[in-house]
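Here is a short briefing on selected local features of this protein model. Keep the sequence and the structure side by side while reading.

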Amino acid sequence: MTLPTRRRRLLSLATAATLMLGLPALGATVLAGPASSADPAADCVAPYPVSELAAGDAVDGLTVVRGTTPTGFTGEVLGVLEDGIGPDLDMVMVELDMPEFDRTGGIWQGMSGSPVYAEDGRLIGAVAYGLAYGPSPIAGITPFEEMDTYLADPAKPDARIPLGRADARTVAARAGISPAQAERGFRELPMPLGVTGVSARRLAQAQAKGSDFLEKASYVLGRSEARAAGPETMVAGGNLGVSGSHGDVTMASVGTVTSVCAGRVVGFGHPMGLFGTTTMGLHPADAVYVQPDSLGAPFKVANIAPVTGTVTEDRLTGVTGAFGAAPAAIEVVSHVAYAGRSRTGASSVSLPELAADVTFYQLMSNQDRVLDGPARGSELLSWTIEGTEDGTPFSLGFTDRYTGSDLSFEPAYSVAEVVSHLSYLDGVTLSSVEARATVDDDLTTHTVGSVQQLRRGEWVPVSRKAPVIAKAGRNVRIRVLLKGSAGRLVLPVDPIAVPKRAAGRLVLQVQGGGSSWSSASGRNVTKVAQALADQQRRDEVRIQFGSPEKIMGGYDEDFYEEFYLRGPAKPGKPRGVSFVRESTLGPLDHVVDGVKQLRVVVR
């Protein structure tokens, strides 16, 4: 590779990023409202042109190791990678040094955004990238002359950029890795989101069992009071939190402030999620310590403080925001009651892409808080989702009952999945999600036991071997007998009218809601509302009578093969009109499991 020559000879290193710095922390609880302390003092420092840098130039910078007060570090320029971050967006490579490196081995996740200055005090840029192999003092710097303007969105770099042999030898010598490792180059890592209000165990379980909409790279984040980390602490080199939600459930990343000027703050030096123009929460944070990691990059353990402004830009070169009011948000509220205890929790979602995640964690964590133990028993959950579609308000709702030895996930998923679907419909803007859950210790359920038909004044059992007998143009009278741990129960069914032209093979299906599966979907809100109206509750029994091709779901494969897929009716026998008669029994006081599928003979 030919090394470029500028005002002086520079060392060019092919690289992309590994450290999306702004990371793990501990703890979990409710955040207060916006902090009211004074805004930080502005620095309004001038950018140092990258074109004037040379290998060997001395630098110094600021970052937080503990608490909220920045600590100084020193270093020197190794070189500049032209177009290293994107077209016409160079990366400055530096080797840094500070006493903390004796313990951590190098830069850590959470240093992203740490300002790096030239000898004359001008701002070169922000620490934003690091080597892929373990701790290292070598950092990639995003130029501040790009960070403070966001003139355009350069293309995102390749996920991995290899090093040439000469550059690999230089990097290997500086970073303490082998040339072979260095030749693999650098890669960019996604910036994980911390989550408050959810324990580490619950978070791991949710990520392992969870639906696709859940963010899989999240970690447990802590909470700090405003008095420990107010907005006045958000100075150059200070902690910087950016959130997609705040409240009971705060989903945020913690990095470092690069510069503050005219009521605005710039930081990170790389995107949080590359959302472009956006609305996210701006937070101070309180660093607990830096955790060494011999296998990967060390990371900062931090607590995030209440929201103190709005992040408006999330670009390839970093994030920027303004101090003041919190961003507009989707309000997610949960009410949970159990054994005389109750709690109402709330979270505000400023990043719509996280609405489903926050809905799930809000319901699950509030339930954990109220029950303070395993969620075993039954839960009656009602929820309402409100918003607008192309400016027209809508309100959707549903109620269902759940019973099981672990209610930690299924009830919360049921509403979060609908939120996820709505969040991606064109023209739909959500404004609120509210859920009410009443939990008890009752584990008993009903099961569909048998079906009886009224014939000549007597209730006669029907089965696969003894089918339902129907007459065209007449009514069929049946009833359903439930059994199970919740006890026996007889459910009468309204008379079923058989069409005059009914003939051929018919089916009677009796299905408990606990054995059904459905997910409200549709290409617009009207379709979603219809899907919810058609959805069977788990404490209901649905009766379907008619042509097999009209009865959707719940098929027993052998039954379907035997009574429907044998082909058309015999010659001379009319096929009859295709129809289905449907009714729903309930809601009952318990979940109902089981399915019965029976033949119907028309005479």
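Two strands count as paired if DSSP finds at least two bridges between them. Strand E25 (residues 446–455) and strand E26 (residues 458–462) pair in the antiparallel sense, with five bridges. The model is predicted. The points below cover strand pairs, a barrel, a helix and two single residues.

**The E25–E26 hairpin**
- E25 and E26 form a hairpin, and two residues lie between them.
- Arg456 sits in the turn and has a positive phi of about 50°.
- Leu454 has Trp459 in E26 as its bridge partner.

**The barrel**
- Strands of a sheet pair through backbone hydrogen bonds, in a parallel or an antiparallel way.
- Here six strands close into a barrel, and their pairing is antiparallel.
- The order of the strands is E1-E2-E3-E6-E5-E4.
- On average, neighbouring strands of this sheet are turned by 45° against each other, direction ignored.
- Within the barrel order, E6 is listed next to E5.
- Strand E5 (residues 123–130) and strand E6 (residues 138–143) run antiparallel and are joined by five bridges.
- Gly125 has Pro143 in E6 as its bridge partner.

**Helix H6**
- Helix H6 covers residues 355–371, which is 17 residues.
- At 1.5 Å a residue, H6 should span 24 Å.
- The end C-alpha atoms of H6 are 24 Å apart, so the expected span and the model agree.
- Of the 17 residues of H6, 15 are buried, so the helix is largely enclosed by the rest of the structure.
- Asp372 follows H6 and has a positive phi, near 50°.

**Glu540: a buried charge**
- Glu540 lies in the loop between helix H8 (525–534) and strand E33 (541–546).
- Glu540 is buried but has no salt bridge.
- The nearest side chain of opposite charge is Arg537, 4.5 Å away.
- A salt bridge needs a side-chain nitrogen of Lys or Arg within 4 Å of a carboxyl oxygen, so Arg537 at 4.5 Å does not qualify.
- Leaving aside neighbours within four places in sequence, Glu540 is in contact with Gln511, Gly512 and Gly513.
- Its contacts also include Thr584, Leu585, Gly586, Pro587 and Val592.

**Gly247**
- Gly247 belongs to strand E12 (residues 239–247).
- Its relative accessibility is 8%, so Gly247 counts as buried; the cut-off is under 20%.
- Gly247 and Val332 are 85 residues apart in sequence.
- In space, Gly247 and Val332 are 9.5 Å apart, C-alpha to C-alpha.

Methods
Residues are numbered from 1 along each chain as its sequence is written. This is a predicted model: local features need pLDDT of at least 70, side-chain atom pairs count only at pLDDT 80 or more; totals for chains, interfaces and linings use all residues. Side-chain values use heavy atoms; hydrogens and water are left out. Helices (H or I, at least four residues) and strands (E, at least two) are DSSP runs, numbered from the N terminus. The expected span of a helix is 1.5 Å times one less than its number of residues. Buried means under 20% relative accessible area, exposed over 50%, partly exposed in between (1.4 Å probe, protein chains only). Axes are lines fitted to C-alpha atoms, for helices over the stretch in contact, and angles run from 0 to 180 degrees between N-to-C directions. Lys and Arg count as positive and Asp and Glu as negative; His and the chain ends are not counted. Contact means heavy atoms within 4.5 Å.
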